Amino acid sequence: MSIKLSDISGNPSTSPHNNNQWEFYLVTPSSPATAAPATDPVLARAIKKVKSHVLPLFVIMFIVNYIDRVNIGFVRTHMEHDLGIGAAAYGFGAGLFFIGYALFEVPSNMLLQKVGARIWLTRIMFTWGITATLMAFIQNETHFYILRFLLGVAEAGFFPGVIYYFTRWLPGVERGKAIAIFLSGSALASLISGPLSGVLLQITGLGLHGWQWMYIIEGMASVLLCFFVWFWLDSKPHDAKWLSREEQDALVGEIEREQRERDAATTVKPSLGKLLKDRQIMLFCALYFCIQLTIYAATFWLPSIIKKMGDLSDIQVGFYNSIPWLISIIAMYSFAALAGKYKHQQAWVATALLIAAAGMFFSTTGGPIFAFVAICFAAIGFKSASSLFWPIPQGYLDARIAAAVIALINSIGNLGGFVAPTTFGFLEQTTGSIQGGLYGLAGTSILAAILVFFAKTLPGAHTPSVPHPAPVLSK
């Protein structure tokens with residue numbers, strides 16, 4: 001049994017079984033997942049307490065998690081100088097994280113439900129913190145590969161684990177709001193990671209280099225936080241001493257009522273193999289993969305590009321690294337507002353992709369400073385395209401298969417986190433330049449901008465008789 005990923009938005013749930021078939025649950029418009037917020041004052045009070053108790057902690061956990069995942073971008077040149085880890089090895093090692101993450105996501109989800117969210121989320125934080133800390137003591141490429149892979153293994157299950165926690169503590173109508181707040185941790189981490197890593201790189205002593213201290217301090221922050229998680233979180237509402245018995249019963253009763261309605265509406269639908277034969281679904285996977293390629297290429301290679309701008313300190317590199325992400329956050333909200341006012345979702349995605357393509361192409365035509373400015377421009381495009389993309393498959397899919405397919409699209413798209421850094425590292429190692437990779441990203445974005453017009457966006461286009469799901473947030 002695995003996490004019901006669609007509970008992110010309170011929409012249809014899915015769970016894989018041993019016969020490789022998927023069960024899909026249709027939540028009708030009258031179900032609690034789409035109902036108005038609870039009017040029961042006891043339930044409303046309990047929901048407010050849950051949000052204030054766990055959401056700030058989950059946001060902090062996500063920030064720490066994201067920093068431990070991407071901090072290698074700030075020490076690439078240091079590891080090359082001290083350990084001889086070249087561009088190709090760096091790119092391959094950066095990408096190995098996503099292989100470990102993908103392989104162990106489902107087993108981690110199964111264990112989480114077996115032992116409980118509190119125990120498993122604490123375990124995840126502890127093991128990823130220890131693994132991130134051990135990065136300080138690598139001696140060669142092999143150590144680098146092993147620990148990056150293990151970091152992905154350790155982190156696997158964190159995101160769906162938090163989602164699972166919400167399904168046990170919040171009614172469906174509240175989960176989307178909670179996840180939106182939780183995901184804000186990623187945006188905050190993008191802004192924080194550069195300056196923080198830059199400051200930590202200045203630390204020396206005890207025979208350790210600055211990059212080693214960065215790994216130790218950022219990794220141990222996760223380890224220390226896991227002890228707080230253990231004492232702060234409760235696995236079930238009835239374990240929470242900060243809720244009155246009346247509030248506990250109100251929460252559990254509402255969530256159980258929702259589950260009964262889902263179970264009553266259970267319908268077995270096509271196997272996952274049949275979904276993979278749907279051309280539209282494969283098109284969605286290809287589009288999101290193209291978008292993620294550019295995002296992860298920028299994530300892991302941007303600090304190296306910034307270093308070429310001049311004789312910059314690590315702190316300066318960190319602050320410069322925050323600029324594109326700050327710009328992209330503003331752009332994402334602006335594009336979302338425009339797309340909401342002026343429809344034609346495909347055209348907005350295509351526009352964003354063309355902006356990304358232009359930025360990546362022009363980053364190859366001038367010096368390092370011009371390249372940095374161009375990538376800031378590209379960030380407007382590729383981050384906006386990432387958020388603008390999701391309403392397209394959500395509008396097309398039958399509500400009964402939406403959750404499984406969205407999870408599939410997200411999984412395949414995140415493989416861009418392996419392909420992009422690996423390819424960039426190989427190109428720099430063999431040609432001395434990543435220019436070819438930047439051209440490739442520009443071309444890929446243009447291709448995706450064309451292909452997006454072949455994607456169907458009509459609500460319920462896949463099965464007209466079934467209502468389309470509400471928006472689902474992705475990692």
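In this predicted model, aspartate 249 has a relative accessible area of 38% and is therefore classed as partly exposed. Its salt-bridge partner is arginine 245, with the closest N and O atoms 3.3 Å apart, and this pair is one part of a briefing that covers charged contacts and a nonpolar surface patch. Across the whole structure, a search finds five salt bridges, among them the contacts described below.

**A salt bridge within helix α9**

- Both aspartate 249 and arginine 245 belong to helix α9, where four residues, or about one turn of the helix, separate them.
- Arginine 245 reaches 57% relative accessibility and so counts as exposed, since the cut-off for that class is over 50%.

**Salt bridges between helices α1 and α9**

- Salt bridges with shared partners connect Arg45, Lys49 and Glu247 in one network.
- Glutamate 247 meets arginine 45 through their side chains, in a salt bridge with an N to O distance of 2.6 Å; this contact links distant parts of the chain, with glutamate 247 in helix α9 (residues 245-264) and arginine 45 in helix α1 (residues 41-70), 202 residues apart.
- Glutamate 247 also forms a salt bridge with lysine 49, for which the closest N and O atoms are 3.1 Å apart; because glutamate 247 lies in helix α9 and lysine 49 in helix α1, this pair ties together parts that are 198 residues apart in sequence.
- The acidic residue of the network, glutamate 247, is buried, because its relative accessible area is 1%, and the cut-off for a buried residue is under 20%.
- Arginine 45, by contrast, is partly exposed, with a relative accessible area of 36%, and lysine 49 is likewise partly exposed, with a value of 31%.

**A nonpolar patch on the surface**

- Phe126, Ile130, Leu134, Phe137, Leu224 and Phe227 make up a nonpolar patch on the surface, and together they have about 560 Å² of accessible area.
- Two helices, α4 (117-134) and α8 (210-232), each contribute at least two residues to this patch, and α4 gives the most, with three residues.
- Phenylalanine 227, one of the patch residues, is located in helix α8, and its relative accessibility of 45% is the reason why phenylalanine 227 counts as partly exposed.

Key: Residues numbered from 1 in each chain as written. Predicted model: local features only at pLDDT ≥ 70, side-chain atom pairs only at ≥ 80, totals over all residues. Heavy atoms only, no water. Patch = residues over 30% accessible without salt bridge, like charges linked within 9 Å, V, L, I, M, F, W, Y side chains within 5 Å. Areas by Shrake-Rupley, 256 points an atom, 1.4 Å probe, with all protein chains shown as cover. Salt bridge = Lys/Arg side-chain N within 4 Å of Asp/Glu carboxyl O. Buried < 20%, exposed > 50% of the residue type's maximum accessible area, 1.4 Å probe, protein only.
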